Amino acid sequence: ALILIALIGRMVGVMVSLVKTPFNTKEKVFIGESYLPKATVQAAIGVVPLSLGINGGEIILAIAVLSILITAPIGAILIDQTSRKFLIQE
């Protein structure tokens with residue numbers, strides 16, 4: 001549930017940041033999808049609490065790894081499947 005809430009929050013943030021841009025709705029959705037697989041950031045941030053000895057550091061790292069395992073393949077599949085439908089080459 002935590003990962004899903006974070007992904008929804010990230011998607012909403014992307015959509016809000018794209019409000020006054022010239023992108024159409026399909027392009028905005030694709031941009032939001034492209035932010036799903038952020039494994040590098042999650043891996044780098046997830047290990048910090050553990051290395052600092054913060055209580056619950058193991059749980060934070062486990063959630064970071066779990067989010068990588070979930071979001072990376074889903075994001076890659078979504079990008080692959082929707083790029084041809086949502087993006088128009090001129």
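Contact, as the word is used in these legends, means heavy atoms within 4.5 Å. All views show a predicted model.

**View 1. Thr71 of helix α5 and the residues around it.** Thr71 is found in helix α5, and with a relative accessibility of 3% it counts as buried, since the cut-off for that class is under 20%. When its neighbours within four places in sequence are left aside, Thr71 is in contact with Ile3, Leu7, Leu36, Pro37 and Gln42. Two of these partners, Ile3 and Leu7, are themselves buried residues of helix α1, the subject of the next view.

**View 2. The buried and exposed sides of helix α1.** Helix α1 runs over residues 2-17, and its 16 residues should span 22 Å at 1.5 Å a residue, which agrees with the 22 Å that separates its end C-alpha atoms. Within α1, the residues Ile3, Leu7 and Val14 are buried. These three cover an arc of only 35 degrees around the axis, and therefore lie on the same side of α1. An α-helix has 3.6 residues a turn, so residues three or four places apart point the same way. What covers the buried residues of α1 includes α2 (25-34) and α5 (57-86), while the face of α1 turned away from its buried side carries the exposed residues Leu2, Ile5 and Val16.

**View 3. The largest pocket and its lining.** The largest pocket has a volume of about 250 Å³, and the elements that give two or more residues to its lining are α1, α3 and α5. Of the 14 residues that line this pocket, Ala6, Gln42, Ile63, Ala64 and Ser67 lie nearest its centre. By residue class, the lining of the largest pocket divides into 9 nonpolar, 4 polar and 1 charged. Gln42, one of the residues nearest the centre, is also among the contacts of Thr71.

**View 4. Ile63 of helix α5, beside the pocket centre.** Ile63, which is one of the residues lying nearest the centre of the largest pocket, is found in helix α5. Its relative accessible area of 32% makes Ile63 partly exposed. Apart from its neighbours within four places in sequence, Ile63 is in contact with Leu2 and Ile3, of which Leu2 is exposed and Ile3 is buried. Ile63 and Glu27 are 36 residues apart along the chain, and their C-alpha atoms are separated by 30 Å.

**View 5. Thr82 and Ser83 in helix α5.** Both Thr82 and Ser83 belong to helix α5. At 10% relative accessibility Thr82 counts as buried, whereas Ser83, with a relative accessible area of 23%, is partly exposed. Not counting residues up to four places away in sequence, Thr82 touches Phe30, Glu33 and Leu87, and, on the same terms, Ser83 touches Phe30 and Leu78. Thr82 and Glu27, although 55 residues apart in sequence, are 9.8 Å apart in space from C-alpha to C-alpha. For Ser83 and Met15, which are 68 residues apart along the chain, the C-alpha atoms are separated by 17 Å.

**View 6. Thr40 in helix α3.** Thr40 is found in helix α3, which comprises residues 39-46, and at 66% relative accessibility this residue counts as exposed. The C-alpha atoms of Thr40 and Ile68 are separated by 8.5 Å, with their positions 28 residues apart along the chain as the sequence separation is counted.

How values were computed:
Residues are numbered from 1 along each chain as its sequence is written. This is a predicted model: local features need pLDDT of at least 70, side-chain atom pairs count only at pLDDT 80 or more; totals for chains, interfaces and linings use all residues. Side-chain values use heavy atoms; hydrogens and water are left out. Helices (H or I, at least four residues) and strands (E, at least two) are DSSP runs, numbered from the N terminus. The expected span of a helix is 1.5 Å times one less than its number of residues. Buried means under 20% relative accessible area, exposed over 50%, partly exposed in between (1.4 Å probe, protein chains only). The arc is that of the directions from the helix axis to the C-beta atoms. On a 1 Å grid over the protein atoms alone, a cavity is a set of points where a 1.4 Å probe fits but cannot get out, and a pocket is an open set with protein on both sides within 12 Å along at least five of seven lines; lining residues have an atom within 4 Å of a point. Grid points are joined across faces, edges and corners, and a volume is the space filled by probe spheres set on the points. Ala, Val, Leu, Ile, Met, Phe, Trp, Tyr, Cys and Pro count as nonpolar, Asp, Glu, Lys and Arg as charged, and the others, Gly among them, as polar.
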